[in-house]
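This report walks through one protein chain and its ligand shell. Please keep the sequence and the 3D view side by side while reading.

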Amino acid sequence: MIPRLMPKVTSKTNEPPRAVYPGSFDPVTNGHLDIIRRAAAHYPRLIVAVVANPNKKPLLTLQQRVDLLRDVCSGLRGIEVDCFDGLLVNYVRARGASLIIKGLRIVSDFEYEFSMALLNRHLPGGVDTMFLPASLEYAHISSSSVREVFSLGGDISEFVPPAVLRAMKRLQSSRAGSSKKSVKKSVGGKTV
Ligand code: ADP
(Lines give C-alpha, C1' and ligand atoms only; values in the text may rest on other atoms or scores of the structure.)
Protein backbone atom coordinates (compact mmCIF):
# COMPACT_ATOMS: atom_id res chain seq x y z
CA MET A 1 0.00 0.00 0.00
CA ILE A 2 1.28 3.41 -0.95
CA PRO A 3 1.51 5.68 2.10
CA ARG A 4 -0.51 8.84 1.79
CA LEU A 5 1.93 11.72 1.79
CA MET A 6 -0.56 14.48 1.05
CA PRO A 7 -3.23 15.50 3.56
CA LYS A 8 -6.70 14.18 2.75
CA VAL A 9 -8.37 16.57 0.31
CA THR A 10 -11.57 18.05 1.67
CA SER A 11 -13.55 20.97 0.33
CA LYS A 12 -11.71 23.13 2.86
CA THR A 13 -8.19 22.02 1.94
CA ASN A 14 -9.11 22.43 -1.71
CA GLU A 15 -9.23 26.17 -1.18
CA PRO A 16 -5.96 28.08 -1.52
CA PRO A 17 -4.24 28.52 1.86
CA ARG A 18 -4.81 31.89 3.49
CA ALA A 19 -2.53 34.02 5.60
CA VAL A 20 -3.36 37.15 7.59
CA TYR A 21 -1.13 40.24 7.69
CA PRO A 22 -2.41 42.32 10.64
CA GLY A 23 -1.48 45.88 11.58
CA SER A 24 -2.70 49.36 12.41
CA PHE A 25 -1.75 50.77 8.98
CA ASP A 26 -2.14 54.33 10.28
CA PRO A 27 -1.31 55.03 7.46
CA VAL A 28 -0.16 52.23 5.13
CA THR A 29 3.47 52.88 4.12
CA ASN A 30 5.79 51.66 1.34
CA GLY A 31 7.26 49.30 3.95
CA HIS A 32 3.87 47.65 4.52
CA LEU A 33 3.28 47.46 0.79
CA ASP A 34 6.61 45.72 0.30
CA ILE A 35 5.65 43.06 2.88
CA ILE A 36 2.21 42.66 1.25
CA ARG A 37 3.75 42.12 -2.20
CA ARG A 38 6.35 39.65 -0.95
CA ALA A 39 3.90 37.68 1.23
CA ALA A 40 1.40 37.53 -1.64
CA ALA A 41 4.06 35.98 -3.84
CA HIS A 42 4.10 32.98 -1.49
CA TYR A 43 0.48 32.92 -0.36
CA PRO A 44 -2.27 32.83 -2.99
CA ARG A 45 -4.77 34.42 -0.55
CA LEU A 46 -3.51 37.16 1.74
CA ILE A 47 -5.88 38.96 4.05
CA VAL A 48 -4.55 42.36 5.12
CA ALA A 49 -6.41 42.96 8.37
CA VAL A 50 -6.64 46.40 9.95
CA VAL A 51 -6.79 46.32 13.74
CA ALA A 52 -9.64 48.46 15.05
CA ASN A 53 -7.53 49.44 18.09
CA PRO A 54 -10.02 51.34 20.19
CA ASN A 55 -7.33 51.93 22.87
CA LYS A 56 -4.88 53.73 20.59
CA LYS A 57 -5.94 57.07 19.15
CA PRO A 58 -5.32 56.64 15.44
CA LEU A 59 -4.84 59.58 13.08
CA LEU A 60 -7.01 57.96 10.41
CA THR A 61 -10.38 56.36 11.05
CA LEU A 62 -10.75 52.61 10.59
CA GLN A 63 -12.68 53.24 7.37
CA GLN A 64 -9.99 55.59 6.01
CA ARG A 65 -7.25 53.05 6.76
CA VAL A 66 -9.23 50.25 5.07
CA ASP A 67 -10.08 52.44 2.04
CA LEU A 68 -6.45 53.50 1.56
CA LEU A 69 -5.23 49.90 1.75
CA ARG A 70 -7.87 48.83 -0.79
CA ASP A 71 -6.75 51.63 -3.05
CA VAL A 72 -3.01 50.85 -2.89
CA CYS A 73 -3.58 47.07 -3.18
CA SER A 74 -6.06 47.30 -6.04
CA GLY A 75 -3.50 46.24 -8.66
CA LEU A 76 -2.30 43.21 -6.67
CA ARG A 77 -3.76 39.72 -7.08
CA GLY A 78 -5.08 37.60 -4.23
CA ILE A 79 -5.24 40.40 -1.66
CA GLU A 80 -8.27 41.06 0.50
CA VAL A 81 -8.45 44.01 2.87
CA ASP A 82 -10.57 43.57 5.98
CA CYS A 83 -10.69 44.81 9.58
CA PHE A 84 -11.18 43.17 12.94
CA ASP A 85 -11.27 43.72 16.67
CA GLY A 86 -10.72 41.28 19.50
CA LEU A 87 -8.18 38.48 19.56
CA LEU A 88 -6.10 38.03 16.42
CA VAL A 89 -6.11 34.20 16.68
CA ASN A 90 -9.91 34.16 16.79
CA TYR A 91 -10.04 36.35 13.70
CA VAL A 92 -7.46 34.21 11.85
CA ARG A 93 -9.38 31.02 12.63
CA ALA A 94 -12.74 32.59 11.77
CA ARG A 95 -11.36 33.52 8.35
CA GLY A 96 -10.11 29.98 7.71
CA ALA A 97 -6.48 31.15 7.64
CA SER A 98 -3.53 29.19 8.99
CA LEU A 99 -0.71 31.71 9.31
CA ILE A 100 0.06 35.21 10.58
CA ILE A 101 2.52 37.29 8.55
CA LYS A 102 4.62 39.96 10.23
CA GLY A 103 7.33 42.29 8.99
CA LEU A 104 10.52 42.76 11.02
CA ARG A 105 12.42 46.01 10.72
CA ILE A 106 14.88 46.34 13.53
CA VAL A 107 16.10 44.36 16.51
CA SER A 108 13.61 46.07 18.80
CA ASP A 109 10.73 44.85 16.59
CA PHE A 110 11.95 41.32 17.17
CA GLU A 111 11.55 41.32 20.94
CA TYR A 112 7.92 42.42 20.82
CA GLU A 113 6.96 40.40 17.75
CA PHE A 114 8.62 37.26 19.09
CA SER A 115 6.61 37.37 22.31
CA MET A 116 3.42 38.07 20.35
CA ALA A 117 4.17 35.11 18.09
CA LEU A 118 4.64 32.82 21.13
CA LEU A 119 1.41 34.10 22.63
CA ASN A 120 -0.55 33.61 19.42
CA ARG A 121 0.71 30.04 19.20
CA HIS A 122 -0.16 29.19 22.76
CA LEU A 123 -3.60 30.69 22.98
CA PRO A 124 -6.45 28.23 22.35
CA GLY A 125 -6.74 27.70 18.60
CA GLY A 126 -3.14 28.92 18.33
CA VAL A 127 -1.73 30.08 15.03
CA ASP A 128 1.89 30.25 13.86
CA THR A 129 3.63 33.42 12.66
CA MET A 130 6.00 33.87 9.75
CA PHE A 131 8.37 36.83 9.69
CA LEU A 132 9.61 38.63 6.63
CA PRO A 133 12.61 40.88 7.12
CA ALA A 134 12.08 44.48 6.00
CA SER A 135 13.75 45.39 2.73
CA LEU A 136 16.78 47.61 3.32
CA GLU A 137 15.24 50.57 1.52
CA TYR A 138 12.13 50.51 3.77
CA ALA A 139 13.58 49.38 7.09
CA HIS A 140 13.54 52.92 8.51
CA ILE A 141 9.87 53.58 7.75
CA SER A 142 7.13 53.32 10.38
CA SER A 143 3.61 54.74 10.39
CA SER A 144 4.43 56.74 13.51
CA SER A 145 7.49 58.38 11.92
CA VAL A 146 5.43 59.16 8.80
CA ARG A 147 2.77 60.84 10.97
CA GLU A 148 5.38 62.78 12.90
CA VAL A 149 7.37 64.00 9.87
CA PHE A 150 4.13 64.98 8.13
CA SER A 151 2.76 66.87 11.13
CA LEU A 152 6.02 68.89 11.28
CA GLY A 153 5.75 69.84 7.60
CA GLY A 154 8.34 67.33 6.30
CA ASP A 155 8.23 65.51 2.96
CA ILE A 156 6.82 61.97 3.25
CA SER A 157 6.49 61.27 -0.47
CA GLU A 158 9.30 58.70 -0.36
CA PHE A 159 7.70 56.80 2.50
CA VAL A 160 4.09 56.33 1.39
CA PRO A 161 2.22 55.51 -1.83
CA PRO A 162 0.90 58.61 -3.72
CA ALA A 163 -2.73 57.88 -2.72
CA VAL A 164 -1.75 58.05 0.95
CA LEU A 165 0.11 61.32 0.45
CA ARG A 166 -2.97 62.84 -1.20
CA ALA A 167 -5.24 61.61 1.61
CA MET A 168 -2.91 63.00 4.29
CA LYS A 169 -2.82 66.39 2.55
CA ARG A 170 -6.63 66.45 2.26
CA LEU A 171 -6.94 65.60 5.94
CA GLN A 172 -4.44 68.29 6.88
CA SER A 173 -6.21 71.01 4.90
CA SER A 174 -9.65 70.01 6.21
CA ARG A 175 -8.29 70.13 9.77
CA ALA A 176 -6.61 73.49 9.12
CA GLY A 177 -9.94 74.77 7.77
CA SER A 178 -11.91 73.65 10.79
CA SER A 179 -9.35 75.00 13.28
CA LYS A 180 -9.42 78.41 11.50
CA LYS A 181 -13.21 78.38 11.84
CA SER A 182 -13.04 77.65 15.55
CA VAL A 183 -10.49 80.46 16.07
CA LYS A 184 -12.78 82.84 14.22
CA LYS A 185 -15.71 81.63 16.31
CA SER A 186 -13.90 82.42 19.51
CA VAL A 187 -12.99 85.96 18.34
CA GLY A 188 -15.85 88.20 19.31
CA GLY A 189 -18.15 85.24 19.87
CA LYS A 190 -19.50 85.48 16.33
CA THR A 191 -19.60 82.79 13.67
CA VAL A 192 -18.06 84.15 10.49
P1 ADP B 1 3.88 50.49 12.48
O2 ADP B 1 4.72 49.63 13.38
O3 ADP B 1 4.64 51.12 11.36
O4 ADP B 1 2.97 51.46 13.20
P5 ADP B 1 1.83 48.49 11.99
O6 ADP B 1 1.37 48.25 13.36
O7 ADP B 1 0.77 48.85 11.02
O8 ADP B 1 2.94 49.55 11.71
O9 ADP B 1 2.66 47.22 11.49
C10 ADP B 1 2.11 46.08 10.93
C11 ADP B 1 3.20 45.11 10.60
O12 ADP B 1 4.02 45.66 9.57
C13 ADP B 1 4.17 44.77 11.73
O14 ADP B 1 4.52 43.41 11.57
C15 ADP B 1 5.37 45.66 11.46
O16 ADP B 1 6.55 45.11 12.00
C17 ADP B 1 5.37 45.64 9.95
N18 ADP B 1 6.02 46.80 9.37
C19 ADP B 1 5.74 48.10 9.59
N20 ADP B 1 6.55 48.91 8.86
C21 ADP B 1 7.37 48.09 8.16
C22 ADP B 1 8.47 48.30 7.24
N23 ADP B 1 8.89 49.51 6.94
N24 ADP B 1 9.08 47.21 6.71
C25 ADP B 1 8.68 45.96 7.08
N26 ADP B 1 7.68 45.69 7.93
C27 ADP B 1 7.03 46.73 8.47
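## Ser135 and the loop after β5

Ser135 sits in the loop between β5 and α6. The model is a predicted one. Within 10 Å, Ser135 has 16 other C-beta atoms, so the residue is partly exposed. The cut-off for buried is 20 or more.

Ser135 also shows how the chain folds back on itself. Ile35 is 100 residues away in sequence. In space, the two C-alpha atoms are 8.4 Å apart.

## Overall layout

The protein chain holds 7 helices and 5 strands. Read from the N terminus, the order is α-β-α-β-α-β-α-β-α-β-α-α. Of its 192 residues, 27% count as buried.

Contacts reach far along the chain. Take those between residues at least 6 apart in sequence: 75% of them join residues at least 24 apart.

## The sheet

The 5 strands form an open sheet with parallel pairing, in the order β3-β2-β1-β4-β5. Strands β3 (79-84) and β5 (128-133) stand at the edges. Each has a single partner strand, so one side of each lacks a neighbour in the sheet. On average, neighbouring strands are turned by 30° against each other, direction ignored.

Strand β1 covers residues 18-23, and strand β2 covers residues 45-51. They pair in the parallel sense over 6 bridges. Arg18 stands opposite Arg45 in β2. Further along, Tyr21 has Val48 of β2 as its bridge partner.

Is β2 enclosed or left open by the rest of the structure? It is largely enclosed, because 6 of its 7 residues are buried.

## Helix α2 and the core

Helix α2 spans residues 30-42. It lies across β1, β2, β3, β4 (99-104) and β5. Its direction is at about 170° to β1.

The largest nonpolar core has 37 residues. Those that touch the most other members are Val20, Tyr21, Ile36, Ala39, Leu46, Val48 and Leu69. Strand β2 gives the most to this core, with 6 residues. In soluble globular proteins, nonpolar side chains tend to be buried together.

Which residues does Ala39 contact, leaving aside its neighbours within four places in sequence? They are Ala19, Tyr21, Leu46, Ile101 and Leu132. Two of these names, Tyr21 and Leu46, also appear among the core residues that touch the most other members.

## The loop between β1 and α2

Two backbone features mark this loop. Phe25 is found there, and so is Pro27. Phi of Phe25 is near 50°, a positive value in a residue other than glycine. The peptide bond from Asp26 to Pro27 is cis, with omega near 5°.

Is Phe25 buried or exposed? It counts as buried, because it has 26 C-beta neighbours inside 10 Å.

## Around the ligand

The ligand has 18 residues around it. Gly23, Gly31, Gly103, Ala134 and Ser143 come nearest. Elements giving two or more residues to this shell are α2, β4 and α6 (143-151).

What is the make-up of the shell by residue class? It divides into 6 nonpolar, 9 polar and 3 charged residues.

## Asn53 after β2

Asn53 lies in the loop between β2 and α3 (62-72). It has 15 other C-beta atoms within 10 Å, so it is partly exposed. Not counting residues up to four places away in sequence, Asn53 touches Ser24 and Pro58.

Asn53 and Phe84 are 31 residues apart in sequence. Their C-alpha atoms are 8.9 Å apart.

## Phe150 in α6

Phe150 belongs to helix α6. With 21 C-beta neighbours inside 10 Å, it counts as buried. The threshold is 20 or more, so this is why Phe150 falls in the buried class.

Phe150 touches Ile156 and Met168, again leaving out residues up to four places away in sequence. Leu165 is 15 residues from Phe150 along the chain. The separation of their C-alpha atoms is 9.4 Å.

Methods
Residues numbered from 1 in each chain as written. Predicted model: local features only at pLDDT ≥ 70, side-chain atom pairs only at ≥ 80, totals over all residues. Pairing = 2+ DSSP bridges. Helix = DSSP H or I, 4+ residues; strand = E, 2+ residues; numbered from the N terminus. Axes fitted to C-alpha atoms, helices over the stretch in contact; angles between N-to-C directions. Contact = placed C-beta atoms within 7 Å. Core = buried A, V, L, I, M, F, W, Y, C linked by C-beta atoms within 7 Å. Buried ≥ 20, exposed ≤ 12 C-beta atoms within 10 Å, placed from the backbone. Near = placed C-beta within 6 Å. Nonpolar A, V, L, I, M, F, W, Y, C, P; charged D, E, K, R; others polar.
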